[in-house]
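Here are a few exercises to work through with the model open beside you. Try each task before you read its solution.

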Amino acid sequence: MEKLNSTIHSALSTVLVKKLTKNCINTIADFLQEDVEKISKITKLDVVCILDIRDIIFKKYSAPSIAGTTLRTKYLTEKRYLETGIKRLDTILNGGIPIGFLTEVCGLAGSGKSQLCMQLAINSAKPSNSVIYIDTKGDFSAVRIQKILEAHGLSHKEMAIIMLNINIVQIFSMNDLISLLESIKTKKIVFDCLSLVILDSLPCLMFQHFGDNNKIGLKFLNMFVNLARCISNEFRTCFICVNIETRWVDQEQVPDLDDEDDNFGEPAYFEIKNRCLGKYWRHIPVQVLSLQRAFESETKNCININVIAENYNNPCSKLQCPISINYSGVF
Amino acid sequence: MTTQFKILNATEFWQKENSFPAIPTFSQSLDNVLGNKGIQVGSITELLGLPGSGKTQLCLQLCASVQIPTELGGLDAEALYIDTNTNFTVNRFKEILSASMEKCGNILNTAKSNCESDHLKRLHYVNAFGLEKFCSLIFTLPQLVTERPNVRLIIIDSITFPFKDGITLKQRTGVLFRLSAVLQKISVENQIAIVITNEMSTRIGLSTGSLVGAFGDAWAHRCNKRVLLSAPKPLENERFAALVKSNNSPEAVGKFQITIEGIRDTNG
């Protein structure tokens, strides 16, 4: 909660703030809850002035209501999607990654999540756009980035322009992640024209709190979600989180239909896929991209991947498309 | 910007990454599979394989390779071997070490310069049996590494063993990820290569085949590189190494053999 200070109103001098603090009125919330006459007695300001201060606080801190038409114009004029630069992906995403929201990239180990993220970083790093890549498991490889750019025939200068706009931070704990996001939010760390934040990967940090019999992990996750939403909304950026998928196998006895003796046939195995990070996280991202490795690739030196895009604003649509990875990147 | 966070742009990162040396395996085919001319410092590599596929042998070879003198492009550094399963035999290591050093000596045209004990001194061996010992060792590693700044390779053989008993699945995941965060941090900050060996386990009913690395799907994400070793014809002494996951090199398969001198390319 924010503390009282003299910048709120000209009548509220530092001396008066000190006086209020002595009377256990420390924060803005304390100030608003306290009886106006009592405050007037302490500060020796008249009631009108106190009411004026209250009004200013309300104006500054309360959530304003916005008219529908304003929202509509905002919706129409603002850029809503960041193109991924991968045509097939843009088509199923309805134009690109949603700006101002959290997007999840999910898949099994080795399904190409980090590769896709690196490609997205390349495609959206332009002189007018910068990218932050938050690396929690050391998977970011600038050599790989450079090789991709080289394969596309870029000159050294062009490569440098793109690479200068990709910023990498290595983070090893949830605590560090939260303080990093906080300093971005409070503009202690400033990036010019931030357009994309990539967090690869969230479970690597969250799993460190797995198995503790307390809710610290959940608390961190909640703080992270709030900060991430705030940053993506305020700076109009895309926020991509990498999540992982685990599988477990269920066994079920299926009755054999041909057999009249009601005997049970061979046990059948069901593979169930599960997005990690629990039920709380399930509805946080607006857009989920699940990557799935295609079993057979037709061409050599190339990995084919199926992407399924699910949007929680439009739960009926579940589109999929194939993408490929080779030495020259994801396309 | 003065913050606790080190923010690099990709060009700076590229320079840093390119300055990272690699530890050769003495088999060119295997080095090619790993990319970057061997095991790269600054990242965690996981070796997977059934018993007898050559995981420990490869680890011993790496402990010798890390001592290659700088004249030959080596690291001229020390290794830390964390043994959780009494896999380590000093005699076998001595064999591999002296063969490797002799090879280096031949190339450099120098007579056997250092005596064997000098080379042997540059291997630090820790046996960490049991989960408590293992965990406390890993958590004190940052200090151990600052005390011995010449250590550039840490081998954990095997990561599976301490977790066999006495821990719930959930706790295991938590502890594993905490330990690997510590490992990753020291590997990045001190430019150390970390090699972990893992066993295989069976999961019936999986669509991608029932033989998978131990610790499940979540752990499979953690390491930067995963190499699967296999010995389809153990009598012919031909081993295969397949890169199943990597952050910067394409997936590939290579061949090597295990000789008395250590890991070598196959003949022909």
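## Warm-up: a strand and its partners

Strand β4 (residues 130-135) of chain A runs parallel to β5(A), and 5 bridges join the two. Before going on, keep in mind that this is a predicted model, where local features need pLDDT of at least 70, side-chain atom pairs count only at pLDDT 80 or more, and totals for chains, interfaces and linings use all residues. Residues are numbered from 1 along each chain as its sequence is written, while chains are lettered from A and ligands numbered from 1 in the order in which they are written.

## Exercise 1

Task: work out which strands β5(A) pairs with, and which residues stand opposite each other.

Solution.
- Start with the terms. Helices (H or I, at least four residues) and strands (E, at least two) are DSSP runs, numbered from the N terminus. Two strands pair if DSSP finds at least two bridges between them.
- Take the parallel partner, β4(A). Here A:I132 has A:N167 of β5(A) as its bridge partner.
- Now cross to the other chain: strand β1 (residues 7-9) of chain B pairs with β5(A) in the antiparallel sense, over 3 bridges.
- Find the residues: A:N167 sits opposite B:N9, and A:I168 sits opposite B:L8.

## Exercise 2

Task: decide whether β5(A) is buried or exposed.

Solution.
- A residue is buried if 20 or more other C-beta atoms lie within 10 Å of its own, exposed if 12 or fewer, and partly exposed in between; the C-beta atoms are placed from the backbone.
- Go through residues 166-170: 5 of the 5 are buried, so the strand is largely enclosed by the rest of the structure.
- Look at the directions. A:I166, A:I168 and A:Q170 point one way, A:N167 and A:V169 the other, and all are buried. In a regular strand the side chains alternate between the two faces of the sheet.
- Check one residue: A:I166 counts as buried because it has 25 C-beta neighbours inside 10 Å.
- List what A:I166 touches, taking a contact as two C-beta atoms, placed from the backbone, within 7 Å. Leaving aside neighbours within four places in sequence, A:I166 meets A:A121, A:A125, A:V131, A:Y133, B:N9 and B:A10.

## Exercise 3

Task: describe the side of chain A that touches chain B.

Solution.
- Count first: 47 residues from chain A and 41 residues from chain B take part in the contact.
- Next, find the elements. Those of chain A that each supply at least two residues include α8 (142-151), β5 and β7 (238-255). β7(A) gives the most, with 6 residues.
- Sort by class: Ala, Val, Leu, Ile, Met, Phe, Trp, Tyr, Cys and Pro count as nonpolar, Asp, Glu, Lys and Arg as charged, and the others, Gly among them, as polar. This side of chain A has 23 nonpolar, 16 polar and 8 charged residues.
- Zoom in on two helices. The axes of α8(A) and helix α1 (residues 10-19) of chain B come within 8 Å and cross at roughly 110°. Axes are lines fitted to C-alpha atoms, for helices over the stretch in contact, and angles run from 0 to 180 degrees between N-to-C directions.
- Name the angle: under 35 degrees is roughly parallel, over 145 roughly antiparallel, 65 to 115 roughly perpendicular and the rest oblique. The two helices, α8(A) and α1(B), are therefore roughly perpendicular.
- Pick out residues: A:A142, A:V143, A:I145 and A:Q146 meet B:A10, B:F13, B:W14, B:E17 and B:N18. By class, that contact has 6 nonpolar, 2 polar and 1 charged residues.

## Exercise 4

Task: say how spread out or compact each chain is.

Solution.
- The yardstick is the radius of gyration, taken over C-alpha atoms, set against the globule rule: 2.2 Å times the number of residues to the power 0.38.
- Chain A holds 13 helices and 12 strands. Its radius of gyration is 26 Å, well over the 20 Å that the rule gives for 331 residues, so chain A is more spread out than a compact globule.
- Chain B holds 8 helices and 14 strands. Its radius of gyration is 18 Å, close to the 18 Å given by the rule for 268 residues, so chain B is as compact as a globular protein of that length.
- Add the burial: buried residues make up 36% of chain A and 46% of chain B.
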